[in-house]
Each structure stands twice: as C-alpha cells, then as structure tokens.
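The following exercises practise the reading of a protein model at the level of single residues, strands and rings. Please attempt each task before turning to its solution.

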Amino acid sequence: MFTIILYKYITTNKYYAKGFYETEGKWHVTSKPSNFIKKSPIHTSEVLPDNVYFAWSVAKGEENDILSYEIYIGRNASKEKLSKFEVNPEKNSSMFIIPKLEHKKQYYWYMRITNQFGAFLETEIFSFVTGGLVERLYNAPNPFNPARWIETEFVFPMRADGTCKMTIYSEYGDLVWESDRLFFSGNNSQVIRYNGKDNSGRLLYNGTYLSVLEKKYADKTEVERCRILVIK
C-alpha cells in the first residue's frame with residue numbers, strides 16, 4: 001500500500017540550541033514489483049541471433065505503478081560482469097527485441113525493474129544459446145577491420161550433412177582466398193571464420209569483395225553469395 005511519510009531533521013548543539021540546520025521532505029513507502037515470470041527466450045533454449053525476442057510478466061507493487069526496465073546481458077555467467085543494454089524497454093512494457101547478437105554463443109541475462117519511487121526487483125540470471133537454422137549466407141561483422149585482428153564469420157544454413165568450400169574474389173574477379181573443403185552436419189547453421197588475409201597471408205586492401213560458398217550434399221550442389229567490406 002502506497003503511503004507518504006513526512007519527515008523533518010533539526011540539528012542542535014550539545015546545549016540543545018536549535019537552528020543550525022533544518023531540512024524536511026517526504027518518504028514514499030511503497031511495495032516493490034514482484035512475481036516476475038520470464039516467457040521468452042526459454043531458459044537454456046537455442047534461438048536465432050537476429051531480433052531475439054524477450055517477453056515477461058511482472059506484478060506491480062501498486063495499482064498505478066509506472067515500471068521502468070533495464071536488461072543486463074553478456075557472455076559471462078556472473079551478474080557483476082554483465083553489461084546494461086544500451087536501449088531500455090518502454091515503461092510498463094512486457095516485451096523487448098535485441099536486434100543482433102553473435103551466432104552460436106551462450107548468453108546470460110537478467111532484468112532490474114524499478115517503479116517511479118525507486119523500489120526495485122532484480123530477477124535471477126537466465127541463459128540461452130544463439131543458433132538455429134538461418135535462412136541465407138551472411139557475414140558479421142561487416143564491414144570488418146583485419147588490421148586490428150578482427151575476424152569476420154560467415155554464417156550459413158546446412159539443411160543436410162555435406163561439405164562446403166568458401167572462395168573470395170576481388171571486385172575485379174581475382175581469386176583472393178579459398179578455404180579447404182570442410183564437412184558440416186545438417187539441419188543447423190554453421191560458421192566459417194575468416195581473418196581478412198589472402199592465400200599468401202597478406203591483409204586485404206580496403207574495398208568490397210565477393211564471397212562464394214559452394215555446398216555439396218549427397219544429391220545436389222548449392223551456391224550462395226554475399227559481399228564483404230574491408231575497412232582499415
């Protein structure tokens with residue numbers, strides 16, 4: 001039940017003389033939010049890394065509470081090492097979308113829910129894994145800077161067991177780099193990492209390159225393409 005308590009502080013000296021300093025104000029006595037229920041993502045489940053959907057319900061401490069939310073997320077299982085996401089959900093919301101996370105990584109997260117008077121609830125820590133079957137080949141980060149030892153990851157769907165080979169061409173059609181032919185299991189998304197160097201070990205120049213992925217299954221061959229941008 002919400003209550004306002006008025007208070008007043010008056011300072012005195014050892015002779016009980018008043019008037020050195022006086023202050024007064026209000027205390028807001030309120031019930032904090034409670035009964036947090038996480039609906040999505042399912043704990044320890046595997047989700048696609050794009051547009052990860054968070055949904056929840058929570059009971060207000062007071063009927064007319066205005067609840068604010070902060071989501072803390074990261075790759076470490078310790079609460080103290082998780083970072084607050086840079087955008088907050090809307091007040092009194094029950095869902096939120098994080099547009100882009102890394103593929104095939106385990107994430108940990110929790111929420112801090114605060115009413116307008118500062119009473120808050122901090123949830124337990126939850127986790128999920130990014131994965132699932134993406135729809136097409138893409139790479140991230142893009143653009144990327146290999147001069148700063150930043151790699152990019154080609155993420156692609158494998159609908160059945162098979163082999164893959166990645167080939168990268170310059171904008172003039174010259175062969176820059178090619179991978180070995182690699183085996184991947186099916187019905188999942190897979191990753192080929194690339195360090196931004198050509199077949200001779202030299203860093204690529206700034207510019208746009210075409211990556212071509214050839215996938216061979218038992219009964220057919222598929223080719224997917226995407227463009228990458230190198231900026232140093």
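Four exercises with worked solutions follow.

The model is predicted, so local features need pLDDT of at least 70 and side-chain atom pairs count only at pLDDT 80 or more, while totals for chains, interfaces and linings use all residues. Residues are numbered from 1 along each chain as its sequence is written, and side-chain values use heavy atoms, with hydrogens and water left out.

**Exercise 1.** Determine whether K215 is buried or exposed, and identify the polar contact that joins its side chain to that of another residue.

*Solution.* Step 1: locate the residue. K215 belongs to strand β18, residues 207–216. Strands are DSSP runs of E with at least two residues, numbered from the N terminus.

Step 2: assess accessibility. K215 has a relative accessible area of 0% and is therefore buried; buried means under 20% relative accessible area, exposed over 50%, and partly exposed in between, with a 1.4 Å probe and protein chains only.

Step 3: find the polar partners. The side chains of K215 and E224 are joined by a polar contact of 2.6 Å. A polar atom of the K215 side chain also lies 2.8 Å from the backbone oxygen of P157. A polar contact is a pair of N or O atoms within 3.5 Å; within protein, one must be able to donate a hydrogen and the other to accept it, and residues adjacent in sequence count only if both atoms are side-chain atoms.

Step 4: list further surroundings. Beyond its neighbours within four places in sequence, K215 has contacts (heavy atoms within 4.5 Å) that include F156, M158, T163 and C164.

**Exercise 2.** State which strands pair with β5 in the antiparallel sense.

*Solution.* Step 1: apply the criterion. Two strands pair if DSSP finds at least two bridges between them.

Step 2: take β3. Strand β3 (residues 34–40) and strand β5 (residues 50–59) run antiparallel and are joined by four bridges; I37 stands opposite S57 in β5.

Step 3: take β8. Five bridges pair β5 with strand β8 (residues 95–100), again in the antiparallel sense, and A55 stands opposite M95 in β8.

**Exercise 3.** Describe how the rings of F36 and F126 are arranged.

*Solution.* Step 1: recall the descriptors. A pair of aromatic rings is described by the distance of the centres and the angle of the planes.

Step 2: classify. The structure holds twelve aromatic pairs. In the pair of F36 and F126, the centres are 6.2 Å apart and the planes stand at 35°, so the pair is tilted. Rings of Phe, Tyr and Trp (its six-membered ring) pair if their centres lie within 6.5 Å; planes under 30 degrees apart count as stacked, over 60 as edge-to-face and the rest as tilted.

Step 3: place the rings. F36 lies in strand β3 and F126 in strand β11, 90 residues apart, and the pair links distant parts of the chain. F36 and F126 are both buried.

Step 4: widen the view. F36 and F126 belong to one aromatic cluster with F54, Y107, W109 and F128.

**Exercise 4.** Establish where T123 lies and why it counts as buried.

*Solution.* Step 1: T123 is in the loop between β10 (120–122) and β11.

Step 2: its relative accessibility is 5%, so T123 counts as buried.

Step 3: T123 and S34 are 89 residues apart in sequence, yet their C-alpha atoms are 9.4 Å apart in space. Apart from neighbours within four places in sequence, the contacts of T123 include F36 and Y110.
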